[in-house]
Amino acid sequence: VLSEVQSELLSFRDSGMSLMEMSHRSKEYSKINNDAQNAVRELLNVPENYKILFIQGGGTGAFAAVAMNMMNRTGSADYAVTGTWSGKAAKEAAKYGKVSLVFPKADKPGSIPPESTWTLSPDASYLYYCDNETVDGVEFPYVPNSNGVPIVCDMSSSIMTKRVDVAKFGAIIAGAQKNIGPAGVTLIIVREDLLGNPMK
Ligand code: PMP
């Protein structure tokens with residue numbers, strides 16, 4: 001891959017210029033964007049009613065984007081805090097609405113409390129969790145049951161390491177740099193009907 005990138009640096013596919021010099025609206029770049037979306041759709045078997053976005057801001061930017069775009073429905077959201085990154089996501093979301101922790105934050109993260117002990121709010125806009133807590137080494141071996149509330153999952157450090165049923169999620173967020181691409185790209189997979197109700 002690196003050799004291919006190197007060989008295309010002066011002229012991408014006979015366009016006479018590097019990809020880095022090109023308009024993001026050029027047909028060459030549009031094709032790359034579409035091909036990358038199609039590759040994600042194929043690899044993760046993403047249903048048609050989900051948008052696949054490549055955005056900026058890192059995983060951390062997505063913490064705010066999730067709350068600002070998805071919390072408006074009811075004004076509150078449930079967070080399962082199992083470590084550093086879900087903790088940061090919950091703190092960020094609390095700037096925009098009511099955040100309820102579905103179980104008390106552990107002093108020292110290391111395990112996930114049994115689902116039977118979780119307190120879920122039926123009126124939460126979404127249930128948020130982090131599939132793999134990179135810093136703390138806590139990985140979910142299952143997708144939690146949210147009783148129909150849309151699930152938002154941070155898969156920054158687990159995306160494409162295993163098969164997931166995307167239809168179980170309202171949104172999946174993943175900084176690309178760990179598993180799938182260069183730093184600076186964030187992958188968002190989001191169910192279309194959950195969009196269109198952002199905060200002012
Ligand atoms: N979530 C998880 C699970 C992570 O491992 C990281 C990065 N270490 C982030 C979010 C934050 O991503 P970024 O550095 O792209 O803001």
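Here is a walk through this structure, from the ligand out to a few residues in the loops. Keep in mind that the model is predicted.

Let's start with the ligand. Which residues surround the ligand? Going along the chain, you meet Gly-58, Gly-59, Thr-60, Phe-63, Trp-85, Cys-130, Asn-132, Thr-134, Asp-154, Ser-156, Gln-177 and Lys-178. If you sort the residues of this shell by character, you get three nonpolar, seven polar and two charged. Helix H3, which runs over residues 58-70, gives the largest share of the shell, with four residues.

Now zoom in on some side chains around the ligand. Thr-134 has an N or O atom in its side chain that is 2.4 Å from an oxygen atom of the ligand. Asp-154 has a polar side-chain atom lying 2.5 Å from a nitrogen atom of the ligand. For Gln-177, a polar side-chain atom lies 2.9 Å from an oxygen atom of the ligand. How much of the ligand's accessible area does the protein cover? On its own the ligand has 390 Å² of accessible area, and the protein covers 85% of that.

One residue of the shell, Trp-85, also has a charge over its ring. The charged end of Lys-88 sits there, 5.7 Å from the centre of the Trp-85 ring.

That brings us to aromatic rings. A pair of them is described by two things, the distance of the centres and the angle of the planes. With ring centres within 6.5 Å as the cut-off for a pair, the count comes to six aromatic pairs. Take Tyr-79 and Tyr-126: their ring centres are 5.8 Å apart and their planes are at 70°, so this pair is edge-to-face. Why does the pair tie together separate parts of the chain? Tyr-79 belongs to strand E2 (residues 76-79), while Tyr-126 is in the loop between strand E3 (98-101) and strand E4 (127-130), so the parts that get tied together are 47 residues apart in sequence. Are these two tyrosines buried or exposed? Tyr-79 counts as buried because its relative accessibility is 0%, and Tyr-126, at 0% too, counts as buried.

Trp-118 and Phe-140 make another aromatic pair, 6.2 Å from centre to centre. The angle between their planes is 90°, and the pair is edge-to-face. Trp-118 is in the loop between E3 and E4, and Phe-140 is in the loop between strand E6 (138-139) and strand E7 (151-154), so this pair ties together parts that are 22 residues apart in sequence. To see why both rings count as buried, remember that the cut-off is under 20% relative accessible area. Trp-118 has a relative accessibility of 9%, so Trp-118 counts as buried. Phe-140 has a relative accessible area of 2%, so Phe-140 is buried as well. Trp-118 and Phe-140 also belong to one aromatic cluster, together with Phe-103, Tyr-129 and Tyr-142.

Next come two acidic residues. Glu-92 lies in helix H4, residues 84-93. With a relative accessible area of 18%, Glu-92 is buried, and its side chain makes a polar contact of 3.3 Å with the side chain of Tyr-96. Asp-78 is in strand E2 and counts as buried at 2% relative accessibility. Where does Asp-78 stand relative to Cys-153? The two are 75 residues apart in sequence, and their C-alpha atoms are 12 Å apart in space.

Finally, look at the loops. Arg-13 has its place in the loop between helix H1 (2-7) and helix H2 (27-43), and at 54% relative accessibility Arg-13 counts as exposed. Arg-13 and Val-190 are 177 residues apart in sequence, and 32 Å apart in space from C-alpha to C-alpha. Asp-14 is also in the loop between H1 and H2, and counts as exposed at 78% relative accessibility. The phi of Asp-14 is near 60°, a positive value in a residue other than glycine. Met-160 is not a glycine either, yet has a positive phi of about 70°. You'll find Met-160 in the loop between E7 and strand E8 (171-175), where it counts as partly exposed at 32% relative accessibility.

Note on methods
Residues are numbered from 1 along each chain as its sequence is written. This is a predicted model: local features need pLDDT of at least 70, side-chain atom pairs count only at pLDDT 80 or more; totals for chains, interfaces and linings use all residues. Side-chain values use heavy atoms; hydrogens and water are left out. A residue is near a molecule or strand if one of its heavy atoms lies within 4 Å of it. A polar contact is a pair of N or O atoms within 3.5 Å; within protein, one must be able to donate a hydrogen and the other to accept it, and residues adjacent in sequence count only if both atoms are side-chain atoms. Accessible areas come from the Shrake-Rupley method with a 1.4 Å probe; for residues, only the protein chains shown count as cover. Helices (H or I, at least four residues) and strands (E, at least two) are DSSP runs, numbered from the N terminus. Ala, Val, Leu, Ile, Met, Phe, Trp, Tyr, Cys and Pro count as nonpolar, Asp, Glu, Lys and Arg as charged, and the others, Gly among them, as polar. Rings of Phe, Tyr and Trp (its six-membered ring) pair if their centres lie within 6.5 Å; planes under 30 degrees apart count as stacked, over 60 as edge-to-face and the rest as tilted. Buried means under 20% relative accessible area, exposed over 50%, partly exposed in between (1.4 Å probe, protein chains only). A charge sits over a ring if NZ of Lys or CZ of Arg is within 6 Å of the ring centre and within 35 degrees of the ring normal.
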